[in-house]
Amino acid sequence: MNSAVDSLLMRLKLSDLIPKFKEMKLDRIVNLRKLSEEELREAVPDDEQRNLIIHAISNRGTHEKRQQSQAANINPPRNADDGGRVGMSFPRGSTRGGMGRGVSRGGRGGGSINNNSNSETNTSFPGRQRACNHFFSGECKFGDRCRYSHDKEIYDREMAENGPRRPNDSVSKPKDYSEVCEIPTHRIKFLLAKKAERLKQIHIQNHTHNEPFKRVDSNVEKFELVVYGPDPQSVLQSKKMILSYVGVTKQEEQKSRLQYTINELSSNQHAAKLLAACNIKNEGTARELSEETLKSIISFFRFEKQQDVRHFYLNVNHDRVKLDKVAKIVAQLRGVQAIMFSDQKRVMEMSKVASKIARFFNGVTPLFLHREIPKEERMRILQEFKDGEENESGIRERLLITNEDYAKLARKTLIPYVNLVINYVVPRTEEYYLLQSLVAGRSDTVGVSILCVSPYDQSTFHELQQKIVFTAIEEESDFMETAVQLVYDTTANPLTDEDADPPRDWKEKLEKKNASA
């Protein structure tokens, strides 16, 4: 049975060389490729035969018709404008079959980058007249086995006649200016998805680029991507777009809003003083603001004392035990005036078992608010929450189970008084936790925020602990001291403002809107 090398030599009509290769115990093409140039020259002294074998093993048996075509047309035109065949205009290293770069019918063989000299020509394949742009940009990985020419004269002639074939074929890219983008490793996947399509678009738009990299180390917290470009404006714009796309900009904005919320009173006082000082400096000029304008601007600031909110947390292993632990805390209260925040899906599921949940809150019927509820019904629920239900102690008990949307509303408007906030799940960000917890403790009273932490929430919880002091509730006594300090909204001492959401005339406004529609 003939070996692969025997079949190759017979196809190339070099059967007389078969005994020599059998003597060398070469029966596989892969072993033939591993021969050094000296060993192959010793086995095949004839230059023409040797070049024919090199050509064949590099292209895994090229057909005679293709060889004849190449011999008849050594330098084929690359596109229709050159007056030749359009079919020869392939991307470098691809075949008619549509295979990727650097892959033909079975590969192009191995090799290394030839960095000896720009004038050194790879002579393994005679007659190649197309210049290898990758070689002259230092990126050719095929060395002497490359199918394109490494002759500097041919490259210079092509550049003078046609210019670069592609933008990436330029000899060097500008590195006049650079910026480092620090990207969280777990977010780099958004930038590299779909073969880094988005990253390429950003570079093309701003005429920038980055050095290629093989992999991203998942053990590193942040990945440093260096962006190069011809000028600072282009590089900074690319950096801005990259950080925005992976979510770093949004995260920084959230942290800024978080710090503002924590220090809102001092920040607003500082801003008002700065505005007044600037107006005094501009007195008598066109920039001076009138007293009415100043009052209008300052009216948007909130000069409220920082709320006294105590932050507690419960370690829970499963959702089933969360309400059991919450019930032990609620049992220490004289009345329920609380909001429990959860995600949209859980709120909808809980609304189906309202009577069961009421047992964990001293029998207080919970109200449920989420995005799927129509506006009229939503307003009715809010009105019912505002009115509450008076218990034997005169406390207007109210319990609302909702999602983070209500915390956003509470930030912008007055809401009915509550002294307890339960975070059934750990919020997505620090900002959302703060918005939800600051719903309690208004009207210069003590508020309580309880966070239920499962094993899956530990990483997010540790981030919260860096900015907020939490107290663990392991025994009922851990909450007892704070429980006696809570103040309640009662009939005798109302703490809910009459203008609290929803407004008193919400029914009239809704009816008027429906009538006009």
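**Aromatic pairs and salt bridges in the predicted model**

Across the whole structure, a search identifies seven aromatic pairs. In one of them, the ring centres of Phe213 and Phe223 are separated by 4.9 Å and the ring planes meet at 55°, so the pair is classed as tilted. Phe213 is situated in the loop between β2 (209–210) and β3 (222–229), whereas Phe223 belongs to strand β3, so that the contact ties together parts that are 10 residues apart in sequence. The coordinates under analysis are those of a predicted model, and the accessibilities computed from this model place the two partners in separate classes: Phe213 is partly exposed, with a relative accessible area of 30%, while Phe223, at 14% relative accessibility, counts as buried.

A further aromatic pair is formed by Phe385 and Tyr406, whose ring centres lie 6.5 Å apart and whose planes are at 85°, so the arrangement is edge-to-face. Because Phe385 is part of helix α17 (residues 375–387) and Tyr406 is part of helix α18 (residues 404–412), this pair ties together parts of the chain that are 21 residues apart in sequence. Both Phe385 and Tyr406 are buried. Elsewhere, ring pairs join Tyr313, Tyr433, Phe461 and Phe470 into a cluster.

The search for charged contacts, likewise made over the whole structure, yields 22 salt bridges. Among them is the bridge between Asp47 and Arg50, in which the closest N and O atoms are 2.4 Å apart. These two residues both belong to helix α5 (residues 47–59), where a spacing of three residues means that Asp47 and Arg50 are separated by about one helical turn. Asp47 is partly exposed, with a relative accessible area of 47%, but Arg50 is buried, with a relative accessible area of 8%.

Other salt bridges connect elements that are distant along the chain. The side chains of Glu182 and Lys222 meet in a salt bridge with an N to O distance of 4.0 Å, and this pair links strand β1 (residues 177–184), which holds Glu182, to strand β3, which holds Lys222, the two residues being 40 residues apart. Both ends of this bridge are partly exposed, as Glu182 has a relative accessible area of 40% and Lys222 has a relative accessibility of 42%.

A salt bridge is also found between Asp489 and Arg398, with the closest N and O atoms 3.1 Å apart. Here the linked parts are 91 residues apart, with Asp489 in the loop between α21 and α22 (506–516) and Arg398 in strand β8 (residues 396–402). Asp489, at 0% relative accessibility, counts as buried, and Arg398 is likewise counted as buried, at 2% relative accessibility. In addition, salt bridges with shared partners join Asp319, Lys322, Asp343 and Arg346 into one network.

Charge at the surface was considered next. Glu474, Glu475, Glu476 and Asp478 together form a negative surface patch. Within this group, Glu476 is located in the loop between β11 (471–472) and α21 (477–483), and because its relative accessibility is 45%, Glu476 counts as partly exposed.

Methods. Residues are numbered from 1 along each chain as its sequence is written. This is a predicted model: local features need pLDDT of at least 70, side-chain atom pairs count only at pLDDT 80 or more; totals for chains, interfaces and linings use all residues. Side-chain values use heavy atoms; hydrogens and water are left out. Patches are made of residues with over 30% relative accessible area and no salt bridge: like charges are joined within 9 Å, nonpolar side chains (Val, Leu, Ile, Met, Phe, Trp, Tyr) within 5 Å. Accessible areas come from the Shrake-Rupley method with a 1.4 Å probe; for residues, only the protein chains shown count as cover. Lys and Arg count as positive and Asp and Glu as negative; His and the chain ends are not counted. The place of a charge is taken as NZ of Lys, CZ of Arg, CG of Asp or CD of Glu. Helices (H or I, at least four residues) and strands (E, at least two) are DSSP runs, numbered from the N terminus. Buried means under 20% relative accessible area, exposed over 50%, partly exposed in between (1.4 Å probe, protein chains only). Rings of Phe, Tyr and Trp (its six-membered ring) pair if their centres lie within 6.5 Å; planes under 30 degrees apart count as stacked, over 60 as edge-to-face and the rest as tilted.
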